[in-house]
Amino acid sequence: MALLATAAAPRAAASRIISIIPATTEMLFAMGAGDRLVGVGTYDRFPPEVDRLPRVGALLDPNVERILALRPDLVILYGTQADLRQQLERAHVPYYPYVHRGLADITQTIRSLGARVGVEAAGNALADRMERQLSDIRSRTGSSARPKTLLVFGREPGTLRNIDASGGVGFLHDMVETAGGANVLADVKQQSVMLSTEVVLARAPEVIIELRYARGDATTTADLRAWDALPAIPAVKNHKVFMLQGEEFVVPGPRVVVATERLAKTLHPELFK
Amino acid sequence: MAASSDLRRRLLATVGGFAALTIAVCLTAPLIGSTPIHMSRVFDRTIPFADNVDAQVFFVARLPRVLAAVLVGSAFAIAGVVFQAFLRNPLASPDTLGVSSGATLGAVVVITFHIDTAVLGVSAVPVATFAGSAGALGIVYAMSIARRRGTSSTVLLLAGVALSAFLGALNRFIQVIGDYTDTFRSIRWMMGSLDVGSYTDIVVALVPIAAACVAIGTLPRELDLVSIGTEAAESRGVDVRRAERVALVSASLLTGSAVSLGGPIPFVGIIVPHIVRLIVGADHRLVLPAAALFGGAFLVICDVIARTAFGAAGMPVGAITAFLGGPFFLWLLFRRMR
């Protein structure tokens with residue numbers, strides 16, 4: 001009975017938080033709640049302060065024992081981690097399920113997460129600021145022509161094999177559109193699209209932007225020469241194939257503003273002189 | 001005399017039939033795709049290649065894919081025939097002795113540790129894949145040499161299963177310690193892909209595949225006899241250990257080359273030999289060429305479906321092979337049983 005009563009009572013602010021998702025970890029730091037974290041996921045790298053915190057596994061291999069030993073009062077996990085959710089429920093540890101979606105969902109998550117951990121004002125302020133900055137980028141590029149853009153986030157170096165590109169949903173797609181590009185795969189309603197060379201030729205992108213973000217990835221822009229095998233693509237013909245490096249492109253947290261701005265500068269260099 | 005002319009007739013009919021199928025499939029496949037192209041433009045020399053979209057779709061996007069599919073399908077099918085005959089096990093496949101797992105390990109290592117930065121414009125992934133399969137092949141070869149006379153092939157089979165499981169465990173270990181973005185890439189590689197985009201990879205894979213086919217081509221009688229039993233084969237004058245070594249090395253070479261070209265595409269190597277045996281019988285003089293031709297045609301068909309039926313997003317060819325081949329095999333089996 002006592003337990004039921006606690007569960008039903010309004011939730012108290014969280015002071016011992018574990019976040020195993022890089023995006024939510026960054027959000028908490030950006031809204032000034034980083035000092036409430038007692039554990040982070042294996043893949044968390046930003047901000048550098050995360051290196052001082054214990055690692056408790058990640059999406060595929062959460063270490064429940066280590067999580068419980070840290071006595072968290074809130075665990076932020078990915079929405080699909082059903083086993084972990086069940087185990088936390090049994091241990092009566094509250095959790096916050098998070099899922100990657102579009103750009104608008106990022107600021108929405110920041111607001112709701114801020115309210116949940118007890119820094120509502122800071123969360124709202126961060127979300128407002130990000131929305132303002134994104135809308136600035138949008139209005140800055142709004143009056144220019146929107147080049148047909150292919151956003152590639154995976155490819156086998158040296159070849160055009162195993163190309164993965166952003167489809168018409170998700171934060172990468174939203175970032176391209178905000179930055180003043182027209183995603184050539186906008187009609188494919190998937191976050192990631194396994195792309196064949198034939199489809200690239202057929203879609204004829206005017207700009208190709210490749211993202212590189214893996215730690216230790218030392219590929220240089222020389223690798224972009226692989227595209228020369230398909231000279232009929234307008235982007236290749238007009239030398240509009242670019243490579244952007246940085247983890248901010250694949251972590252849908254507060255740094256998406258920086259990432260979107262870098263995309264906008266690549267797509268519309270004339271507007272950012 | 002009568003028997004040999006009868007065989008020649010059957011050989012001609014079988015190989016002719018399968019060859020006609022394979023040639024028809026290979027000629028039709030490059031004409032089919034998600035993008036409409038005009039053949040008159042493809043071969044129009046007045047348009048420079050750099051500006052000719054139709055020609056690039058045909059020569060860069062489609063033709064290498066068809067050639068890679070035919071080569072990979074044939075290699076897996078022949079390797080499957082040889083492994084099934086020599087290990088005397090209908091469930092043996094190109095992966096049974098761990099060669100495919102070794103190849104996968106090579107790919108996962110270079111991807112995870114970023115050793116795959118392109119060298120001279122050539123990706124290190126196929127090279128590492130081939131090295132991995134050669135490593136596994138070395139272990140298999142050592143086992144077959146160490147194997148004493150009279151040891152049953154079950155021992156070799158079990159050793160292969162153990163090696164395969166061990167290499168698979170190493171793969172998973174590396175994927176877990178690696179960064180998630182690299183793990184994503186290696187999983188992507190493991191789905192297999194025939195969109196090779198250049199002819200270099202195909203030529204590189206063709207050399208070992210051709211060598212292995214020549215070696216296996218000397219063995220149909222040995223394959224027939226050994227698949228019945230080693231003692232029977234020995235009593236008919238077959239040097240079983242020598243034949244076995246040639247067969248295992250060649251079949252592993254086929255597997256390694258096929259995996260480095262197209263990735264570990266499942267199903268072709270285990271089921272195509274059985275489909276062919278249901279059609280042509282057990283004589284390896286017929287089974288080997290028929291499996292090579294049918295395996296090639298089968299993978300080309302699967303790849304056409306993979307690249308056309310799912311819109312721009314496509315589908316890994318490995319998802320199609322079992323989806324299409326499974327029901328077809330069951331249908332053949334039921335028809336045979338009635």
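**Exercise 1. Locate H239(A) and work out what is unusual about its backbone and its exposure.**

Start with the place: H239(A) sits in the loop between α9 and β10 (241-245) of chain A. Keep in mind that we're working with a predicted model here. Next, check the backbone. Phi of H239(A) is positive, about 55 degrees, even though the residue is not a glycine. Finally, count neighbours: there are 8 C-beta neighbours inside 10 Å, and the cut-off for exposed is 12 or fewer, so H239(A) counts as exposed.

**Exercise 2. Now take K237(A): which element holds it, and how is it placed relative to G180(A)?**

K237(A) belongs to helix α9 (residues 234-237) of chain A. Its neighbour count is 14 C-beta atoms inside 10 Å, so K237(A) goes down as partly exposed. For the second part, compare sequence with space: K237(A) and G180(A) are 57 residues apart along the sequence, and their C-alpha atoms are 21 Å apart.

**Exercise 3. Find where V250(A) lies and list what it touches beyond its neighbours within four places in sequence.**

Look in the loop between β10 and α10 of chain A; that's where V250(A) is. With 19 other C-beta atoms within 10 Å, V250(A) is partly exposed; the buried class takes 20 or more. Now set aside the neighbours within four places in sequence: V250(A) is in contact with Y213(A) and T181(B). As for A202(A), it is 48 residues away along the chain, with 27 Å between the two C-alpha atoms.

**Exercise 4. Describe how α7(A) and α10(A) pack, and say which residues make the contact.**

Get the geometry down before anything else. The axes of α7 (residues 171-178) and α10 (residues 256-267) of chain A come within 8 Å, crossing at roughly 50 degrees. Angles of 35 to 65 degrees fall in the oblique class, and the two helices are therefore oblique to each other. As for handedness, α7(A) passes α10(A) in a right-handed crossing. The contact uses F171(A), M175(A), V176(A) and T178(A) from α7(A), and V256(A), A259(A), T260(A) and L263(A) from α10(A). Sorted by class, that makes six nonpolar, two polar and no charged residues.

**Exercise 5. Follow chain B from α11 through to the residue just after α12: what are the helix spans, and which loop residue has a positive phi?**

Step one is α11(B), residues 240-262. This helix has 23 residues and reaches 32 Å from its first C-alpha to its last, close to the 33 Å expected. Of those 23 residues, 17 are buried, so α11(B) is largely enclosed by the rest of the structure. Just past the helix, G263(B) takes a positive phi of about 85 degrees.

Step two is the loop between α11 and α12 of chain B, home to F267(B). Phi of F267(B) is near 85 degrees, which is positive in a residue other than glycine. With 23 C-beta neighbours inside 10 Å, F267(B) counts as buried.

Step three is α12(B), residues 268-280. Its 13 residues should span 18 Å at 1.5 Å a residue, and the end C-alpha atoms are 17 Å apart, which agrees. Ten of the 13 are buried, so α12(B) is largely enclosed too. Among the buried ones are V268(B), I271(B), I275(B) and R277(B). Right after the helix, G281(B) has a positive phi of about 95 degrees.

**Exercise 6. Classify the crossing of α3(B) with α12(B) and sort the contact residues.**

The axes of α3 (residues 53-86) of chain B and α12(B) come within 7 Å and cross at roughly 75 degrees. The two helices are therefore roughly perpendicular. From α3(B), the contact draws on G73(B), F76(B), A77(B), A79(B), G80(B), V81(B) and Q84(B); from α12(B), it takes V268(B), G269(B), I270(B), V272(B) and P273(B). That's eight nonpolar, four polar and no charged residues.

**Exercise 7. How many residues does each chain give to the contact, and which element of chain A gives the most?**

Chain A puts in 36 residues and chain B puts in 38. On the side of chain A, β8 (192-195) and α8 (197-203) are the elements giving two or more residues. α8(A) gives the most, with five. By class, the side of chain A has 18 nonpolar, nine polar and nine charged residues.

**Exercise 8. Find the cis peptide bond that leads into P47(A).**

Check omega from F46(A) to P47(A): the value is near -10 degrees, and the bond is cis. P47(A) lies in the loop between β2 (37-40) and α3 (64-69) of chain A.

Definitions and conventions: Residues numbered from 1 in each chain as written. Chains lettered and ligands numbered in written order. Predicted model: local features only at pLDDT ≥ 70, side-chain atom pairs only at ≥ 80, totals over all residues. Expected span 1.5 Å × (residues − 1). Contact = placed C-beta atoms within 7 Å. Nonpolar A, V, L, I, M, F, W, Y, C, P; charged D, E, K, R; others polar. Axes fitted to C-alpha atoms, helices over the stretch in contact; angles between N-to-C directions. Parallel < 35°, antiparallel > 145°, perpendicular 65-115°, else oblique. Left-handed = near helix turned anticlockwise from the far one by under 90°.
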